[in-house]
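Grab a pencil and get ready for a few short exercises. Each one sets a task, and a solution then walks through it step by step.

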Amino acid sequence: MSQKDTLGQELSRRGISRRALLKFAAAAATSLALPPSFAPAIAEELSKARRQSLIWLSFQDCTGCLEALTRSEAPGIERLIFDFVSLDYQETLMAAAGTAAEDVLKAVAQENRGNYLLAVDGSVPVADNGVYSMIGGRSPMAILSELAEGAAAVLAIGTCAAYGGIPKAAPNPTGAAGIGALVGGKPVVNIPGCPPIPEVLTGVLVNFLTFGKLPDLDAQGRPLAYFGTTIHDQCYRRPYYDQGKFAKSFDDAGARQGWCLFELGCKGPTTHNACASLKWNGGTSFPIQSGHGCLGCSEPDFWDKGSFYTSLSGGEGPPWGAVAGAAAGGVAIGGAAAFAARRARASVERQLAQEWKAQEDEA
């Protein structure tokens with residue numbers, strides 16, 4: 001695909017009809033919370049669009065975000081939208097390495113200065129001058145500052161990039177921070193999730209290619225079309241919540257009948273994301289549908305707030321049942337008891353681990 005080719009030319013070359021593009025444009029309009037009448041305009045602008053340069057940096061990450069986005073099962077045109085973006089630098093995917101890769105990065109940034117999109121996954125360590133994640137002898141903060149300056153916009157991919165994520169969890173020894181807290185003077189779009197939903201990134205790219213601008217954002221810098229409502233408001237278990245039918249364990253009769261997981265620590269009422277509507281793996285399912293409550297992974301500091309686990313720092317936070325009850329309208333639930341049980345179990349597990357380690361040391 002030539003840099004001079006338009007998306008319309010490439011679609012025609014691949015035998016994809018105008019009708020198929022219109023269908024995709026209609027779906028894109030719906031996902032972006034636009035009226036159906038916008039579909040022809042979206043299709044027209046997409047057909048005229050040329051390849052958008054994208055530089056992708058990875059800092060304190062687990063590669064899960066990149067895996068989710070590149071291995072997702074998506075419709076042909078949607079896949080092509082992502083392929084159509086010229087991914088000019090991504091150290092995990094590119095064949096070049098070392099000095100050769102750094103030379104590519106410098107050349108691309110210079111050639112497309114002011115026009116490229118900068119995508120970042122992983123948090124940025126700022127403690128001790130950023131020595132915890134050096135790349136080519138440079139700190140992530142130095143690389144981010146330089147490339148953000150020449151970017152048209154910055155996309156924070158995943159919760160670690162958006163808010164610091166798991167690396168930022170207490171006690172945060174590396175001083176991990178999210179992109180928005182470090183980049184000034186440039187528009188930053190947060191696409192959180194651990195990992196994020198692939199279709200959300202596609203929607204942001206479609207919006208940028210079609211209208212030449214980023215989508216409307218919420219107070220947390222997230223695309224409003226995808227993060228404007230809570231998972232709770234879209235959840236298929238919501239009727240059971242309204243009826244007061246809550247599972248008491250993950251394998252009781254209520255759970256098997258699909259009752260609400262609210263009392264077990266589900267964070268759906270305070271988590272903004274499109275999991276319940278877009279779902280995962282080609283719309284197959286999402287955590288709650290698979291029988292597990294929402295972790296709240298698209299919200300800031302979700303790891304330290306606790307829920308189904310005990311954080312490494314020992315700061316489990318307040319009883320989730322009480323917090324969620326207040327957030328959802330003060331519904332009386334028994335979450336405090338469940339939380340206390342989890343906390344007691346975690347304490348026993350820590351004690352056993354300490355005893356096991358002491359025995360190993362003696363041996």
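A helix here is a DSSP run of H or I with at least four residues, and helices are numbered from the N terminus. One more thing before we start: this is a predicted model.

**Exercise 1. Get an overview of the protein chain: how many helices and strands does it have, and what share of its residues count as buried?**

Solution.
- Step 1: Start with the secondary structure, which comes to 17 helices and 7 strands.
- Step 2: Turn to burial. The protein chain has 363 residues, and 47% of them count as buried.
- Step 3: Check the surface. About 17000 Å² is exposed, with carbon and sulfur atoms supplying 54% of that area.
- Step 4: Look at contacts with a separation of 6 or more. Residues 24 or more positions apart account for 73% of these.

**Exercise 2. Work out whether strand 3 is enclosed or open, and find which strands pair with it.**

Solution.
- Step 1: Locate strand 3 at residues 117–121.
- Step 2: Count its buried residues. The tally is 5 of the 5, so strand 3 is largely enclosed by the rest of the structure.
- Step 3: Split the strand by face. Leu117, Ala119 and Asp121 sit on one side, Leu118 and Val120 on the other, and both faces are covered.
- Step 4: Find the partners. Strand 1 (residues 53–58) pairs with strand 3 in the parallel sense over 5 bridges. Strand 5 (residues 153–157) also runs parallel to strand 3, joined to it by 5 bridges.
- Step 5: Zoom in on Val120. Leu57 stands opposite Val120, and in strand 5 Ala156 stands opposite Val120 too.

**Exercise 3. Describe the surroundings of Asn207: is it buried or exposed, and what does its side chain reach?**

Solution.
- Step 1: Place Asn207 in helix 9, which covers residues 198–211.
- Step 2: Compare its relative accessibility with the cut-off. Buried means under 20%, and Asn207 has 6%, so Asn207 counts as buried.
- Step 3: Follow the side chain. The side chain of Asn207 reaches the backbone oxygen of Lys213 at 2.9 Å.
- Step 4: List what Asn207 touches, leaving out residues up to four places away in sequence. You get Leu32, Gly212, Lys213, Leu214 and Pro215.

**Exercise 4. Explore the loop between strand 4 (124–125) and helix 7 (140–149), starting from Val131.**

Solution.
- Step 1: Check how open Val131 is. Its relative accessible area is 46%, so Val131 is partly exposed.
- Step 2: See what Val131 helps to build. Together with Tyr132 and Met134, Val131 makes a nonpolar surface patch of about 280 Å².
- Step 3: Move to Asn129, which is found in this loop as well. Its relative accessible area is 70%, so Asn129 is exposed.
- Step 4: Look at the backbone there. Asn129 isn't a glycine, yet its phi is positive, near 60°.

**Exercise 5. Which peptide bonds leading into Pro171 and Pro195 are cis, and where do these prolines lie?**

Solution.
- Step 1: Take Ala170 to Pro171. That peptide bond is cis, with omega near 10°.
- Step 2: Place Pro171 in the loop between helix 8 (159–163) and strand 6 (176–177).
- Step 3: Stay in that loop for Asn172. Asn172 has a positive phi of about 50° although it is not a glycine.
- Step 4: Take Cys194 to Pro195. This bond is cis, with omega near 5°.
- Step 5: Place Pro195 in the loop between strand 7 (188–191) and helix 9.

Definitions and conventions: Residues numbered from 1 in each chain as written. Predicted model: local features only at pLDDT ≥ 70, side-chain atom pairs only at ≥ 80, totals over all residues. Heavy atoms only, no water. Patch = residues over 30% accessible without salt bridge, like charges linked within 9 Å, V, L, I, M, F, W, Y side chains within 5 Å. Areas by Shrake-Rupley, 256 points an atom, 1.4 Å probe, with all protein chains shown as cover. Salt bridge = Lys/Arg side-chain N within 4 Å of Asp/Glu carboxyl O. Helix = DSSP H or I, 4+ residues; strand = E, 2+ residues; numbered from the N terminus. Buried < 20%, exposed > 50% of the residue type's maximum accessible area, 1.4 Å probe, protein only. Polar contact = N/O pair within 3.5 Å; in protein donor to acceptor, adjacent residues only side chain to side chain. Contact = heavy atoms within 4.5 Å. Pairing = 2+ DSSP bridges.
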